[in-house]
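Reader: I'm more at home at the bench than with models. Could you walk me through how to read this one?

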Amino acid sequence: MCTQIQSNLPLLWVCRIWETFLLVLVVYSAWIYPFELAFLRHLSWKLFLVENIVNSFFAIDIILTFFLAYLDHKSYLLVDNPKRIAARYLSSWFILDVCSTIPYQPFGLLFNKHGNGLAYRTLNMLRLWRLRRLSALFARLEKDIRLNYYWIRCTKLISVTLFAIHCSGCFIYLIADTYPDPSRTWIGAAIPNYRSESLWVRYVTAIYWSITTLTTTGYGDLHAENPREMSFCICFMLFNLGLTAYLIGNMTNLVVQGSCRTRNFVRTLPNTFHDLFCHSVIVDIPAWLYIRIEIRNGNGSKNHVNLSVP
């Protein structure tokens, strides 16, 4: 398939559109399945239909992978042998891809009329395996010299943070919702009849708890009330230490890299002007500056200068 795509531009565009479409579904999966685990005890038929359609697209992608050539990292040759392609895929991500695509809700309907019990909702969390596609995308974009590394990295860091906030908010609400005594939960202590509140109010409250805990603000209006919640808070705060160190380290690295480029540019200017005035010639100033700076940085050739000076 890839050999055909390489020589056929329309097929190449079809492949890119398909990958982009799957990435949109990955983002949808990353949001809906933690949300469904915590907040949706009963699955509506509309959402049931949407989820099975989404799963069908990933099932199609699994089938297409058996016909998709790959690049051998040892020989750097394109492998299009069907047997080698199948053997490579079966020995790598095939099992996990299948587990993240199996429609668990139809099996749940055999035992539960709503088909969305806690066990089946937990199995749906296997869909988060699809996030590896998003991780691979960011890794590829960061190596693309045509794109700005700074903004790609910032987008990745923001995405990781938002996903952590969303998941932690859903998990802490699930712990409260499954606790035997609703009044002894973090949300039940603040909103006694929280289950009668709208879905939006409950979700925003959970996200509010997640952000205040992640940022170590801790207003005190929402706090753990039972051992389950305390245990989760301990794990979440330990996770926050690593996440905060990761974010600060990456942002510091980006700022330092930007500062180094600016400092090198400023250091180059005096020597550039010195060369310009020593020649005492009238040249295209912007072009001269650009060529001299490129030479100072090791990116240009002195032949360019010889051509520019009469």
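Author: Happily! Let's begin with confidence: among the elements of the protein, helix α1 (residues 2–7) has the lowest mean pLDDT, 42, and α10 the highest, 94. Here pLDDT is the predictor's confidence in each residue, from 0 to 100, and helices (H or I, at least four residues) and strands (E, at least two) are DSSP runs, numbered from the N terminus. Over residues 1–9 the pLDDT is below 50, and this stretch has 12 contacts in the model beyond near neighbours in sequence; a contact means heavy atoms within 4.5 Å. This is a predicted model, where local features need pLDDT of at least 70, side-chain atom pairs count only at pLDDT 80 or more, and totals for chains, interfaces and linings use all residues. Residues are numbered from 1 along each chain as its sequence is written, and side-chain values use heavy atoms, with hydrogens and water left out.

Reader: What is the mean pLDDT of the protein?

Author: The mean is 82, and 77% of the residues reach 70 or more.

Reader: Which residues of α4 are buried?

Author: Buried means under 20% relative accessible area, exposed over 50%, and partly exposed in between (1.4 Å probe, protein chains only). In helix α4 (residues 82–90), Ile85, Ala86 and Tyr89 are buried. Viewed down the axis of α4, these buried residues fall within an arc of 95°, so they line one face of the helix; the arc is that of the directions from the helix axis to the C-beta atoms. They pack against α3 (45–65), β1 (70–71), β2 (78–79) and α5 (94–99).

Reader: What caps the N-terminal end of α4?

Author: Asn81 does, with a side-chain oxygen 2.9 Å from the backbone nitrogen of Lys83.

Reader: How do I read the span of α10?

Author: The expected span is 1.5 Å times one less than the number of residues. With 16 residues (199–214), α10 reaches 22 Å from first C-alpha to last, close to the 22 Å expected.

Reader: What is the phi of Thr216, after α10?

Author: Most residues other than glycine have a negative phi. Thr216 has a positive phi of about 55° although it is not a glycine. Thr216 sits in the loop between α10 and α11 (227–279) and is exposed, at 68% relative accessibility.

Reader: And how many disulfides are there?

Author: The structure holds 0, taking a disulfide as a pair of cysteine sulfur atoms within 2.5 Å. For Cys233, the nearest cysteine sulfur, that of Cys235, is 9.4 Å away. Cys233 is buried, at 11% relative accessibility.

Methods
A polar contact is a pair of N or O atoms within 3.5 Å; within protein, one must be able to donate a hydrogen and the other to accept it, and residues adjacent in sequence count only if both atoms are side-chain atoms.
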